[in-house]
Amino acid sequence: RPATVSVAPSGDLHLTWSDGEARSFHPLWLRDNCPATRHGSSRQKLVSAATLPPGLRPAEAAVSADSDELSVLWDPDGHR
């Protein structure tokens with residue numbers, strides 16, 4: 001599980017693990033791959049990246065204490 005989660009001024013989401021390993025995710029890629037926007041059984045995307053709001057960026061992000069699930073609150077539409 002990541003030790004730190006932060007949002008860069010660019011809107012990229014940065015995850016850093018305790019061993020120093022780090023990864024960054026572009027907000028459009030991250031939101032386009034959100035599991036909440038996929039069909040429950042087929043996993044087909046239900047939303048096109050072209051329909052996502054302009055200026056998309058994480059407002060808040062955290063990793064759950066009891067799982068490895070990443071939770072993101074999105075600006076400007078409040079999607080979680």
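This passage describes the strand arrangement and the aromatic pairing of the structure. The model is predicted, with local features requiring a pLDDT of at least 70 and side-chain atom pairs counted only at pLDDT 80 or more, whereas totals for chains, interfaces and linings use all residues. Residues are numbered from 1 along each chain as its sequence is written, and side-chain values rest on heavy atoms, with hydrogens and water left out.

Three strands (DSSP runs of E, at least two residues, numbered from the N terminus) form an open sheet in the order E1-E2-E3, with antiparallel pairing, where pairing requires that DSSP finds at least two bridges between two strands. Strand E1 (4-7) and strand E3 (22-25) lie at the edges with a single partner strand each, so one side of each has no neighbour in the sheet. From one strand to the next the twist averages 15°, the axes being lines fitted to C-alpha atoms and the angles running from 0 to 180 degrees between N-to-C directions.

Strand E2 (residues 13-16) runs antiparallel to E3 and is joined to E3 by four bridges; among the residues involved, Thr16 stands opposite Ala22, and Leu15 has Arg23 as its bridge partner. The two strands E2 and E3 form a hairpin with five residues between them, and Gly20 in the turn has a positive phi of about 95°.

The structure holds one aromatic pair (ring centres within 6.5 Å, using the six-membered ring of Trp; planes under 30 degrees apart are stacked, over 60 edge-to-face and the rest tilted). The rings of Phe25 and Trp29 are stacked, because their centres are 5.7 Å apart and their planes stand at 25°. Phe25, at 23% relative accessibility, is partly exposed, and Trp29, at 48%, is also partly exposed (buried is under 20% relative accessible area, exposed over 50% and partly exposed in between, with a 1.4 Å probe and protein chains only).
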